[in-house]
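Got your viewer open? Let's take a walk through this structure, one selection at a time.

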Protein chains: 2
Amino acid sequence: MKMLIKNAKVLTMTGEPIEKQEIGIENDRIAFVGNAPDGYEADVVFEGEGHLAMPGLVNAHTHSSMSLLRNYADDLPFWEWLTEKVWPIEEKMGPDEIYWGTMLSNAEMIKSGITAYADMYFYSAETAKASVEAGLRCSIAQGLIGSSAKDKEKLDVTRQLFQDWHMTGDELITVMAGPHAPYTCDDAFLTKVIELCSELNIPIHTHLSESEKEVKDSLEKHGRSPIQHMHHLGMFNHHTLAAHCVHLLDEDFDILRENKVHVVHNPSSNLKLGNGISPVSRLLSSGVRVSIGTDGSSSNNNLNMFEEIHLTALLAKGSTHDPAVVPAYQALEMATKNGAEALNLGTEIGMIQPGMKADIILVDLEQPHLYPHYQLDASLVYSAQASDVRTVIINGKIVMEKGELKTIDLEKTYHEIRRITKMLVD
Amino acid sequence: MKMLIKNAKVLTMTGEPIEKQEIGIENDRIAFVGNAPDGYEADVVFEGEGHLAMPGLVNAHTHSSMSLLRNYADDLPFWEWLTEKVWPIEEKMGPDEIYWGTMLSNAEMIKSGITAYADMYFYSAETAKASVEAGLRCSIAQGLIGSSAKDKEKLDVTRQLFQDWHMTGDELITVMAGPHAPYTCDDAFLTKVIELCSELNIPIHTHLSESEKEVKDSLEKHGRSPIQHMHHLGMFNHHTLAAHCVHLLDEDFDILRENKVHVVHNPSSNLKLGNGISPVSRLLSSGVRVSIGTDGSSSNNNLNMFEEIHLTALLAKGSTHDPAVVPAYQALEMATKNGAEALNLGTEIGMIQPGMKADIILVDLEQPHLYPHYQLDASLVYSAQASDVRTVIINGKIVMEKGELKTIDLEKTYHEIRRITKMLVD
C-alpha cells in the first residue's frame with residue numbers, strides 16, 4: 001500500500017523549516033519526505049493544498065474512559081468531587097463501560113489530531129481492544145492502588161495485560177506498569193511494581209507531586225518529596241512517565257534531569273482542580289524532558305491537545321512574566337517528539353522522517369482564525385483549533401479523512417454512551 | 001419577518017435552567033421564549049434538535065484589525081515586539097487595511113459565536129463600515145494617544161465618528177471615546193476626552209493597569225495607581241470599560257466597585273505578553289462587574305471567546321487554588337450579560353428574553369467532546385470549541401447558517417488579506 005501526500009506545507013519536527021514537500025508512505029512507515037521518485041505510483045494520493053502536514057500529537061497522560069464522567073460534577077472542592085462524585089460512579093463501571101468510554105475518547109482524540117496516547121485506568125484490556133479497533137496508538141497501564149498485603153493479584157493483571165496485548169494490533173499497543181501515586185501505594189507495593197518492571201522490561205506510568213498537600217504529606221512522612229522518595233525506592237532506574245510534577249523542590253529538578261524522567265505537563269487539569277501551574281519553563285531550562293497530556297475528561301473536560309499546547313506556552317509566559325519563554329516550536333516539540341519519547345517510542349513516532357511510523361495529521365490552514373500565514377508554528381500553537389485537523393493517518397492507515405471518521409461508528413458510540421451514562425447516574 | 005427556533009435546548013442566561021423551548025423572533029427582536037402561540041406561522045423555521053441556543057457572545061475588548069499582524073511576531077520581549085514589530089507595520093496601515101483586517105476578524109468572530117464586540121483601533125469608521133456589512137454589532141472607539149498641545153484634531157475624529165456612525169446600521173454601531181491608556185495620554189488630554197464624553201454622552205473604552213510597570217510608574221509619578229488616578233481625574237463619572245486590570249492595589253477594588261467600572265478580563269493576552277493573571281475571583285466577590293475580551297490577534301492570537309471563557313474559569317481556580325471559584329455559569333454570565341452591560345447594551349442584548357434584540361447562537365451538541373450531556377453550562381465552558389457554533393443570528397438576521405457565512409465573502413477576504421500582508425511586510 002503506497003500513499004502520497006502532495007502540495008502540503010510540511011512541519012517535520014526534525015528542526016527543518018516548514019516548506020512544501022511530498023510525503024510518501026509505504027505500508028505503516030514513511031518512505032520519503034521531499035520529492036517523489038520519478039514515475040512513483042501511489043495507490044492513494046492526498047491533495048494537501050492549503051493544508052499543513054505534521055506528526056500526529058501525542059497525548060502523554062490520560063484516563064480515556066473518564067469521558068463517561070465529563071461535565072457530570074464540576075466546580076467542586078477536590079475531595080468532595082473525588083469521593084462523592086467520581087468514586088461512586090467508577091464503582092459501577094465494568095468492562096463494557098470502559099470499552100465504550102474509550103471508544104468515545106478515541107473519536108474525540110482522532111478528531112483533534114491525537115495519534116498516540118498513554119492511558120492509565122482499569123479494565124485496560126478494554127482500552128486496548130477499543131484502540132486497536134479505532135486504529136489509535138496506545139500505551140496502556142492498569143492503574144494500581146495497593147498495599148503489600150494484597151498486591152499479588154493486582155500485579156498479575158499487569159503481567160496478563162503484557163502477555164495478551166504488548167506489541168499487538170500491528171504494534172499499536174504497548175504496556176506499562178501503572179502505580180497510581182506514592183500516596184495510594186505503600187513502599188512495599190511500589191517495590192513489587194518496580195520488580196515487575198524489571199521482569200517484563202516495561203516502563204512506569206505514574207502521578208507525582210500533583211498537589212501541594214501530596215508534597216507536604218510526603219515530606220512529613222518520609223522526610224522526602226514524592227520525587228525524592230520514588231528515586232530512593234529505585235523507580236527511576238526504569239523509564240518513568242511522571243504526570244503533573246506541579247509542586248517541586250529545588251532538588252527535584254536535578255533528580256528528574258539526571259534520571260531522564262519524562263514529566264507530563266497537564267495544564268488544564270492542574271488549573272481546574274486548583275493545583276496550580278507546573279514550573280515548565282524551569283523544568284525545560286534545567287534539561288528535564290517534558291511532554292504534554294490532557295489528563296482525563298472529568299478534570300479538564302476534554303481531550304484537546306491544541307488547548308493544552310496553547311496553555312503550555314501561555315502559562316509559562318504568564319507565570320514567569322517573560323513572553324519569550326516556551327516559544328511556539330518548543331511547545332510543539334513537547335506535544336510530538338517529547339511525547340513520543342515519553343511513550344518510549346522516540347525512534348518510531350513524533351517526527352515526519354523516512355523510516356518512522358506514518359502517524360501524520362493534515363491541518364486546514366484556510367480558516368479565518370489562521371490567516372494571514374506568517375509563522376505557521378505560531379499559528380498552530382496560538383491560533384489553531386482542534387477542529388482544523390481534517391485528515392489523520394496512523395500507522396499508515398487513514399482513520400479520518402476530511403473530518404469523517406473511518407474506523408469508529410459515531411452514532412452507535414453516542415447511543416451506547418447514552419445507555420451507559422443513564423445507568424451510571426441512576 | 002418571523003423566525004422560529006424549534007427543539008433546541010435553550011440557555012437563556014436569565015437564571016432559568018436549560019430546557020427545550022421554542023424561540024420566536026420578529027424582525028430584530030425576540031418575540032417569545034417557551035411555546036409558540038397556537039397557529040403561529042413563521043417565515044423561517046430552524047430545526048434545533050441536537051443543538052443548544054444561547055445568547056451570542058460579547059467580546060468586550062479587541063482591536064479587530066490587528067488580525068493583520070497575527071502570528072507575525074511572537075515569543076518576543078514586550079518592548080521589542082511593540083516598537084520593532086507592531087508599530088512599524090501599523091504605520092503602513094490605511095483605511096483599506098483596517099477595512100479588510102476588520103472583515104477577516106468579523107468572519108472569525110461570527111464563526112466562533114461572537115455577536116457583539118467593543119473595538120479600539122484607528123480609522124474606526126472602516127471598522128464600523130465592515131461591521132455593518134458583516135451584520136455584526138460593534139461599539140467603535142478611535143484609539144486616542146495624545147498630549148494637551150495637539151489634542152483638538154484627535155477629539156474631532158471621535159466627534160465625527162459619533163455624528164456619522166452612532167446608532168447607525170440598524171443600530172448595530174455605537175460609539176465610545178477611546179483614550180488608549182494613562183501612560184499614553186497626559187492629564188490635560190484625558191480631561192479633554194472626559195469633557196467630550198459629557199458633551200456627547202458616550203462611554204469610555206480604555207486600558208488600565210495592564211502591566212506591573214504601568215502601575216509602578218503611575219505610583220512614582222502621581223502617588224496614585226492608574227485606577228486611583230483615573231478616578232481622581234473624573235473618568236469614572238462616565239460609563240467606563242477598562243480592559244485588563246491585572247495589577248491592582250487593595251484600594252482599586254473599592255474604586256472599581258463603587259464607580260461601577262466595567263473591567264474586561266483578557267486572559268490569553270495577559271498571559272502571552274507576560275503580564276500575569278488578573279485577580280478575577282476577587283474582583284467578582286468584591287462586587288466588581290467583569291466581562292471578557294480577546295484583545296487583538298497579535299497578542300492572543302485569535303478572537304475565540306470559547307478559549308477566553310475556558311481560561312477565565314480555569315485561571316481563577318488555578319491561581320486561587322480553589323476549584324470552586326468562578327463556576328461555569330458565572331463564566332458564561334461574564335461572556336454574555338456582563339459583556340452586554342460593558343457595551344452599555346445591558347437592556348438590549350446578553351440574554352434570550354422577549355423584547356431583547358435577537359442575537360442568538362446555536363451550538364451543535366452532537367460532538368464527541370461534548371458527550372455525555374450532563375451539565376450543559378459546564379460543557380460550554382470546559383469542553384466546547386468555537387467550531388461547535390453552527391448558526392448565528394444577529395439583530396434578527398441570519399449571518400451564519402450551518403457553518404456557512406451569509407454576509408462575508410471569505411474567498412475575497414482571504415485574497416485581500418494576502419495582498420495587504422504582502423505589502424505590509426515587504
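**Stop 1: a helix in chain A**

Start by selecting Val157(A), which sits in helix α4 (residues 151-165) of chain A. Its relative accessible area is 35%, so Val157(A) counts as partly exposed. Now add Ala342(A) to the selection: Val157(A) and Ala342(A) are 185 residues apart in sequence, and their C-alpha atoms are 23 Å apart in space.

Before moving on, keep in mind that this is a predicted model. Chain A has an average pLDDT of 97, and 100% of the residues score at least 70. For the complex, the predictor gives an ipTM of 0.97 and a pTM of 0.98.

**Stop 2: two cysteines**

Stay in chain A and select Cys185(A) and Cys197(A). Bonded or not bonded: which is it for the sulfur of Cys185(A) and the closest cysteine sulfur? The closest one belongs to Cys197(A), and at 12 Å it is too far for a bond. Start from Cys197(A) instead and you come back to Cys185(A), 12 Å away and again too far for a bond. A disulfide is a covalent bond between the sulfur atoms of two cysteines. Over all chains, the structure holds 0 disulfides.

Colour by accessibility if you can. Cys185(A) has 3% relative accessibility, so it counts as buried. Cys197(A) is buried too, with a relative accessible area of 1%.

**Stop 3: an unusual peptide bond**

Next, zoom in on Asn300(A) and Asn301(A). The peptide bond joining them is cis, with omega at about 10 degrees. You'll find Asn301(A) in the loop between β13 (289-292) and α11 (305-320) of chain A. Most residues other than glycine have a negative phi, and most peptide bonds are trans.

For another cis bond, hop over to chain B and select Tyr371(B) and Pro372(B), where omega is about -15 degrees. Pro372(B) is in the loop between β14 (360-364) and α14 (376-383) of chain B.

**Stop 4: both chains together**

Zoom out and show both chains. Two copies of a chain are related by a rotation about an axis and a shift along it. How many degrees of turn lay chain B on chain A? A turn of 180 degrees does it, with a shift of 0.0 Å along the axis and an RMSD of 0.0 Å. That is the relation of a two-fold axis. To find the axis from chain B, select Ser387(B): its C-alpha is the one nearest the axis in that chain, 3.3 Å from it. Both copies use the same surface, as 100% of the contact residues of chain B recur in chain A.

**Stop 5: a helix with a buried face**

Select helix α5 (residues 187-200) of chain B. At 1.5 Å a residue, its 14 residues should span 20 Å, and this agrees with its end C-alpha atoms, which are 20 Å apart. Turn on the side chains and pick out the buried ones: Phe189(B), Leu190(B), Val193(B), Ile194(B), Leu196(B), Cys197(B) and Leu200(B). Look down the axis of α5(B): the buried residues fall within an arc of 155 degrees, so they line one face of the helix. An α-helix has 3.6 residues a turn, so residues three or four places apart point the same way.

What covers that buried set? The cover includes β8 (137-144), α4 (152-165), β9 (173-179), β10 (204-208) and α7 (226-233) of chain B. Just after α5(B) comes Asn201(B), whose phi is positive, near 55 degrees.

**Stop 6: more positive phi values**

Select Ser209(B), in the loop between β10 and α6 (212-222) of chain B. Its phi is near 50 degrees, a positive value in a residue other than glycine. At 0% relative accessibility, Ser209(B) counts as buried.

Then jump to Asp295(B), in the loop between β13 (289-292) and α11 (305-320) of chain B. Asp295(B) is not a glycine, yet its phi is positive at about 60 degrees. Buried or exposed? Asp295(B) is buried, with a relative accessible area of 4%.

**Stop 7: a strand residue and its contacts**

Asp295(B) is one of the contacts of Thr62(B), which also touches Tyr117(B), Ala118(B), Asp119(B), Met120(B), Thr294(B), Gly296(B) and Leu303(B), leaving aside neighbours within four places in sequence. Thr62(B) is in strand β6 (residues 57-62) of chain B and is buried, at 0% relative accessible area.

Key:
Residues are numbered from 1 along each chain as its sequence is written. Chains are lettered from A and ligands numbered from 1 in the order in which they are written. This is a predicted model: local features need pLDDT of at least 70, side-chain atom pairs count only at pLDDT 80 or more; totals for chains, interfaces and linings use all residues. Side-chain values use heavy atoms; hydrogens and water are left out. Helices (H or I, at least four residues) and strands (E, at least two) are DSSP runs, numbered from the N terminus. The expected span of a helix is 1.5 Å times one less than its number of residues. Buried means under 20% relative accessible area, exposed over 50%, partly exposed in between (1.4 Å probe, protein chains only). The arc is that of the directions from the helix axis to the C-beta atoms. Contact means heavy atoms within 4.5 Å. A disulfide is a pair of cysteine sulfur atoms within 2.5 Å. Copies are superposed by least squares on the C-alpha atoms of residues with pLDDT of at least 70 in both. pLDDT is the predictor's confidence in each residue, from 0 to 100.
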